[in-house]
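Good morning, colleagues. I would ask you to look at the sequence and the structure on the screen, and I shall then walk through them part by part.

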Amino acid sequence: MGRLVRGLAGDGAFRVLAVETTDAVEEARRRHGLSPTATAALGRALTGAALLAFLLSKTPRERVTLKIEGEGPLGHLVAEAGVDGRVRGYVGHPEADVPLSEKGKLDVGRLIGPGELRVMRSLPNGEIYDSSVPLVSGEIAEDLAHHLLKSEQIPSAVLLGVRVSPEGPVEAAGGMVVQVLPGAPEEAIARLEENLKDLPGFSALLKEKGLTGAVREVLKGLDFEPTDLGEGVQVRFACRCDREKARDSLRFFGPEELREMAEEGGAEVVCRWCGEVYRFSPEELRALIADAGREAREG
Ligand SMILES: [Zn+2]
């Protein structure tokens, strides 16, 4: 299960939040049949959504949704996360892939292409806070840092990493936000920038040192002090679909269409968020037709 770490560093110069999402991203890969680069793209977005949810939410029910509309082969990307640690998401073309970059890395920026990042937050009063920024690089971490600065006035560094083995499974995934607090001394900021420059990549650190070890490495020389080790928080892929919601979606079809589906042996409803398949037998479809008829007569 994924974990969370919060803390302070640089003698009060930085607020730090990190999450480990390996299992959640692997579940997303498996459920959607994502290519290696698509796994990295959705994995980074799911991790970024989780970071924003833990960073910005004030009440347990709030959720953060990231939507990316890119012109690249991946098509759109949607990732959602809540403070309860549940994440879910999907992409337009899960099978789409691009060659490795010149540095031998999964080329997420190229798979996504130029476009726009939209961040939506459900607030406690039921309102939706919605803001968009153009993609800076399509690499997502940089784009989220840009969003945090422009829309939330939070100067920060964002690190996101997904490491996928050539055979498929996700070896390590996670991310970290280092928020620069007002009055942070120049030397501390310079040290952080220096550390970030030499970093081998967050997923490599995560795999080698674990979550707290990775955070300590990023903040080397800046006295990281954990304040919360996320006991009780489990970051995991979890959808909110169920059989009843799937059945409800069939009610949009007219009796004629439902009858046709029944004659063809039944219907399948696929949840786009998680890929779960719900099958409905001809008998269940006929029951829906009867329901609709009853409602029409009573209504
Ligand atoms: Zn679902």
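**A walk through the fold**

Let me begin with a single pair of residues: L8 stands opposite E225, which belongs to strand β10. Please keep in mind throughout that what you see is a predicted model.

That pair lies where β1 meets strand β10, residues 225-228, and the two strands pair in the antiparallel sense over three bridges. On another pairing, strand β1, residues 4-9, is joined by six bridges to strand β2, residues 14-20, and these two also run antiparallel. Here A9 has F14 of β2 as its bridge partner. The hairpin of β1 and β2 has four residues between the strands, and within this hairpin G10 takes a positive phi near 60 degrees.

Let me now step back to the whole. The protein has 299 residues, of which 41% count as buried. It contains nine helices and 13 strands. Taken along the principal axes, its C-alpha atoms fill a box of roughly 75 × 45 × 35 Å. If we consider contacts between residues at least 6 apart in sequence, 64% of them join residues at least 24 apart.

I return to the strands already introduced. What is the order of the strands in the open sheet of five? The order is β8-β9-β2-β1-β10, and the pairing is antiparallel. The edges are taken by β8, residues 156-164, and by β10; each has a single partner strand, so one side of each is left without a neighbour in the sheet. On average, and with direction ignored, neighbouring strands of this sheet are turned by 20 degrees against each other.

Within this sheet, β8 pairs with strand β9, residues 170-180, in the antiparallel sense over nine bridges. Two facing pairs may serve as landmarks: L159 stands opposite M176 in β9, and L160 stands opposite G175 in β9. Five residues lie between the strands in the hairpin of β8 and β9, where G168 takes a positive phi near 130 degrees. Strand β9 also pairs with β2, again in the antiparallel sense, over seven bridges. In that pairing, R15 has Q179 of β9 as its bridge partner.

Strand β9 is mostly covered, with eight of its 11 residues buried. A helix also meets this region: α1 lies across β2, β8 and β9, and runs at about 125 degrees to β9.

One residue of β9 deserves a pause, namely V180. Is V180 buried, partly exposed or exposed? It counts as partly exposed, because it has 18 C-beta neighbours inside 10 Å, whereas a buried residue needs 20 or more. Leaving aside neighbours within four places in sequence, V180 is in contact with F14, P155, S156 and I189. V64, by comparison, is 116 residues from V180 along the chain, and their C-alpha atoms are separated by 22 Å.

We come next to the other sheet I wish to show. It is an open sheet of six strands, in the order β7-β6-β3-β4-β5-β11, with mixed pairing. Strands β7, residues 128-134, and β11, residues 236-237, stand at its edges with a single partner strand each, so one side of each is left without a neighbour in the sheet. Further in, strand β4, residues 76-82, runs antiparallel to β5, and five bridges join the two. In this pairing L77 stands opposite V91 of β5. Helix α4, residues 141-152, packs on the sheet and touches β6, residues 115-122, and β7; the direction of α4 makes about 120 degrees with that of β7.

A further helix is worth noting. Helix α2, residues 36-56, has 21 residues and reaches 30 Å from its first C-alpha to its last, close to the 30 Å expected. It is mostly covered, with 19 of its 21 residues buried.

Finally, let us consider the domains. The protein is divided into domain 1, residues 4-237, and domain 2, residues 243-298. How far apart do the C-alpha centres of the two domains lie? They lie 38 Å apart. The contact takes four residues from domain 1 and four residues from domain 2. On the side of domain 1 that touches domain 2, α1, residues 22-32, and β5, residues 86-91, each supply at least two residues. By class, that side of domain 1 has one nonpolar, one polar and two charged residues.

Thank you for your attention.

Conventions: Residues are numbered from 1 along each chain as its sequence is written. This is a predicted model: local features need pLDDT of at least 70, side-chain atom pairs count only at pLDDT 80 or more; totals for chains, interfaces and linings use all residues. The expected span of a helix is 1.5 Å times one less than its number of residues. A residue is buried if 20 or more other C-beta atoms lie within 10 Å of its own, exposed if 12 or fewer, and partly exposed in between; C-beta atoms are placed from the backbone. Domain bounds come from an automatic or database domain assignment. Two residues are in contact if their C-beta atoms, placed from the backbone, lie within 7 Å. Ala, Val, Leu, Ile, Met, Phe, Trp, Tyr, Cys and Pro count as nonpolar, Asp, Glu, Lys and Arg as charged, and the others, Gly among them, as polar. Two strands pair if DSSP finds at least two bridges between them. Axes are lines fitted to C-alpha atoms, for helices over the stretch in contact, and angles run from 0 to 180 degrees between N-to-C directions.
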